Amino acid sequence: MINWSLTITTLIIFVLIIMFCWWLFATKKMKTEKISKVRWQDSLSYINSGTRTQLVFSAMYIILIMFLFFKIITITDKLNYIILACIVIIVPYIISTNKKRKQKEIVFTDIIIYCHNMALLLKQTGNVYLSLNKVVDDVNDLLGADIKNIINSLEASKLETEKILMQFNYKYPYTIIKNLNAILIHMHYENDQINDAVLNTFYDDTERLNKDVKENSIKRKSLRLQYILITIGCLLSYWFLLNQLEGVFTSDMMNDSFKFINSIYLLLTLIVLFIVDCYFNNNITRE
Amino acid sequence: MIDNLFLDRYRFILFIIPFLIMLLLLENHYASNMIKQIKKYSIAMINSIQEKSLNDLISANFMINSDTFQLIRILVSIIICLCVWLALDKKLLVWQLIIMLIIIYKFCYLYLKMLDQKRKKHLSTLMPYCLKSIIYLCYIYPVNNALAKSINYVPDEFKDQLSTMVNEIDNNPTSFQPYQRFIDPYQGKMVTLNMYMHVLFRISQSSDNETSKLLSSINQSVSDELNMVRCSKNKTINDTIQYLGLIPVILVTLMMGYLLVMVSGSI
């Protein structure tokens, strides 16, 4: 007689593994695209690839949630029910923090592109208005709209521009932006013949920051992958041991305590996974 | 009993002799250093007992005055003591309670000191960012103007200090005293700050030709320091992720051990 519950569970696990492999492949592809294109423009393709990966992620989560709901309906043990309910509640939170982290990373990459290109263009043209107009096309719409605000304010008084730049700095609280704002104010309102050393220093600093951020983000992604693989390995080895020990315990009391410990272990692993994921998403690579 | 006592003393002397020989064998330099260290720690301990810097610590870390802090401190000590007394089923003696009260009362001061250390460390990590902004402005404006303008660009933590420094420089432009006052709170935490401020002072007193050379010399050092701060921040996060990653391994090892013990018990 076919055990339908077991067959469906195995099938879902199989699909999940395939989805996971697909996700790994997609992130690897995204990483190579990102490295080659982050320096100059074309951040649109990066975002497209990011969206594709997010789609894979979302599909994976939907399947996982469906699987968990299926398990919740069929489950009888109270503790296991609580664990699965927790997973269903936590998963959307993890998805949202993951998305927020990605958005923050994209914004930071855009900020670096903006500063880098501004340093080059200011050296080349010596005109703030022209440089800002050219840089708008290199960044995302979100940052682009704020830069357009700055461009519009350049026609107004110095005080107005300073106010807009302060708001811009409040929105993107990076020292590199503060320094660029000081240069912009000086070049536009005081003296357009700026010392080359300032722009060279600014360019060097942006270069260094870009290099550090890229190196660190790659390192962190590999760390996260390692962490996920280690956790999967641990769970698989534990599952293997559990299967081997099935039927060893003769008394009902020992069986119950075995089940209880098993549930506690799952709960602890879940808590640890949640903490690590939150830590990873809340501490992005910074300036 | 007397024999035992004598033997104990004898053993004690035997233990002390190698230590004394080691001290004698050490160079005078090390010995004097050790004495200096002991003196330093004893002074720190006495200061900590006397709580000399309490008012400064409170004003630096909290928005409350010292009287309110003392009141909170006493209340917290009494409440914790009461909780412990009740938790231990009222079995504690009066002298034990008093000692516990004093220890908790002192812990509040130590906690305050720890908070201050943390704040100073945070400020020392922010300092390179502040210096970088000042250097950019120094490339554009004269030092005095650059320092005045930098108040709008540096992190909020330095704004008050910088504005005080700018006022003092305006009153006495040829003196290093305002710069020195800015350095003093970070003396132990950021050694290179002294050098940077000396260079800034020299720039303020020198001609235009020297300015760019001096600026480029400190710019490189500040960039390196900034890089180090950034790397250490990222390294802390990465290390934490790495350590947290070991928890599932530890959990599975513990669980496997427990299961094996259970199985061996059932057999």
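Is B:Lys90 buried or exposed? I began with this residue in the predicted model. I found that B:Lys90 is exposed, with a relative accessible area of 53%. The cut-off for that term is over 50%, so the label applies.

**Entry: the loop in chain B**

I located B:Lys90 in the loop between H4 and H5 of chain B. I then read its backbone torsion: phi is near 55°, a positive value in a residue other than glycine.

I turned next to B:Asp89. I placed B:Asp89 in the loop between helix H4 (66-87) and helix H5 (94-140) of chain B. For phi of B:Asp89 I noted a value near 60°, which is positive although the residue is not glycine. I also recorded that B:Asp89 is exposed, its relative accessible area being 56%.

**Entry: an aspartate in chain A**

I asked where A:Asp205 lies. I found A:Asp205 in helix H8 of chain A, which covers residues 196-245. I then checked the accessibility of A:Asp205 and obtained a relative accessible area of 13%. Because buried means under 20%, I entered A:Asp205 as buried.

Which residues does A:Asp205 touch, not counting residues up to four places away in sequence? With that exclusion, I listed B:Lys132, B:Tyr136 and B:Ser223. For B:Tyr136 I looked further and found a polar contact of 2.6 Å between its side chain and that of A:Asp205.

**Entry: summary**

I closed with two sites on record. In chain B, I have B:Asp89 and B:Lys90, each with a positive phi. In chain A, I have the buried A:Asp205, whose side chain is joined to that of B:Tyr136 by a polar contact.

Terms used. Residues are numbered from 1 along each chain as its sequence is written. Chains are lettered from A and ligands numbered from 1 in the order in which they are written. This is a predicted model: local features need pLDDT of at least 70, side-chain atom pairs count only at pLDDT 80 or more; totals for chains, interfaces and linings use all residues. Side-chain values use heavy atoms; hydrogens and water are left out. Helices (H or I, at least four residues) and strands (E, at least two) are DSSP runs, numbered from the N terminus. Buried means under 20% relative accessible area, exposed over 50%, partly exposed in between (1.4 Å probe, protein chains only). A polar contact is a pair of N or O atoms within 3.5 Å; within protein, one must be able to donate a hydrogen and the other to accept it, and residues adjacent in sequence count only if both atoms are side-chain atoms. Contact means heavy atoms within 4.5 Å.
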